[in-house]
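Visitor: I would like to learn how to read the strands and helices of a protein model. Could you take me through one, feature by feature?

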Amino acid sequence: IRTKFENAKLKKGYSVFAVTSSTESEGKTTCSTNIALSLAKSGKSVLLMDADLRKPAVCKTLGISIEGEKGIYDIVNGYKTFEASVKYIEKFHLYLLVAYAAVADPSETLASDRMAKLVEQAKKEFDYVIVDCPPAGVVADAAIVANYTDTIIFVTAEERVSIPQIEYALSDLVTAKAEI
């Protein structure tokens, strides 16, 4: 998978990748975290953004605690700067923009002009930006984030979700003109 990301960057100039699924618990956070770790291990500067502002799970997946951080929400609402919010985790050679707790208005936060500027800034400062999103078949957040990313990685768990669930989630992304 890391090679596919590297090829997408080389051939198409892609550096911002969103990861989503059709439902909860299909492995999207595990995939986005492992992809980010693999790219970071290869010497690239990687920012892993937890854009699941409803049920953030990147910290839990990595086994770390950064209490009180709302990451994207804090930046978009002007409570913190990008520089103050991004955390470097030396153990993983990885930069994180985490969300520690759910926020009241996730869709509005992700759809803001400040969110677009945040992703643009991240794109300039890092080799790769991996954005962990909520499931596309449950809420519109992944389709919103698709506006700021180069492409979407769609994760699905075999024998866990039905074809209609997958088609429903993909239709929202296609409507948003996301490259999948």
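Guide: We will go from the sheet to the helices that pack on it, keeping in mind that this is a predicted model.

Visitor: How many strands does the sheet have, and what is their order?

Guide: A sheet is read by following which strand pairs with which, and here that gives an open sheet of 6 strands in the order S3-S4-S2-S5-S1-S6, with mixed pairing. The edge strands are S3 and S6 (151–155), each of which pairs on one side only. From one strand to the next, the twist averages 25 degrees.

Visitor: Which strands run parallel, and which pair in the antiparallel sense?

Guide: The sense of a pair is read from the directions of its two strands. Strand S2 (residues 46–50) runs parallel to S4 (residues 94–97), to which 3 bridges join it, and within this pair Leu-48 stands opposite Leu-96. S1 (residues 16–21) and S6 also pair in the parallel sense, over 5 bridges, with Ile-152 in S6 as the bridge partner of Ala-18. In contrast, S3 (residues 87–89) pairs with S4 in the antiparallel sense over 3 bridges, and there Tyr-88 stands opposite Tyr-95.

Visitor: What should I look for in the hairpin of S3 and S4?

Guide: In a hairpin, look at the residues between the strands and at their backbone angles. This one has 4 residues between S3 and S4, and His-93 takes a positive phi near 55 degrees.

Visitor: Which strands do the helices touch?

Guide: Helix H2 (residues 28–41) packs on the sheet, where it touches S1, S2, S4, S5 (128–132) and S6, and its direction makes about 165 degrees with that of S5. Helix H7 lies across S1, S2, S4 and S5, and runs at about 160 degrees to S2.

Visitor: Why does the length of H7 agree with what its residues should span?

Guide: A rise of 1.5 Å a residue means that the 13 residues of H7 (residues 113–125) should span 18 Å, and the end C-alpha atoms are 19 Å apart, which agrees.

Visitor: Which residues of H7 are buried, and which are exposed?

Guide: The general idea is that an α-helix has 3.6 residues a turn, so residues three or four places apart point the same way. In H7, the buried residues are Met-115, Leu-118, Val-119 and Ala-122. These four lie on the same side of H7, because they cover an arc of only 95 degrees around the axis. On the other side of H7, Asp-113, Lys-117 and Lys-124 are exposed, with over 50% relative accessible area.

Notes
Residues numbered from 1 in each chain as written. Predicted model: local features only at pLDDT ≥ 70, side-chain atom pairs only at ≥ 80, totals over all residues. Heavy atoms only, no water. Pairing = 2+ DSSP bridges. Expected span 1.5 Å × (residues − 1). Buried < 20%, exposed > 50% of the residue type's maximum accessible area, 1.4 Å probe, protein only. Arc of directions from axis to C-beta. Axes fitted to C-alpha atoms, helices over the stretch in contact; angles between N-to-C directions. Contact = heavy atoms within 4.5 Å.
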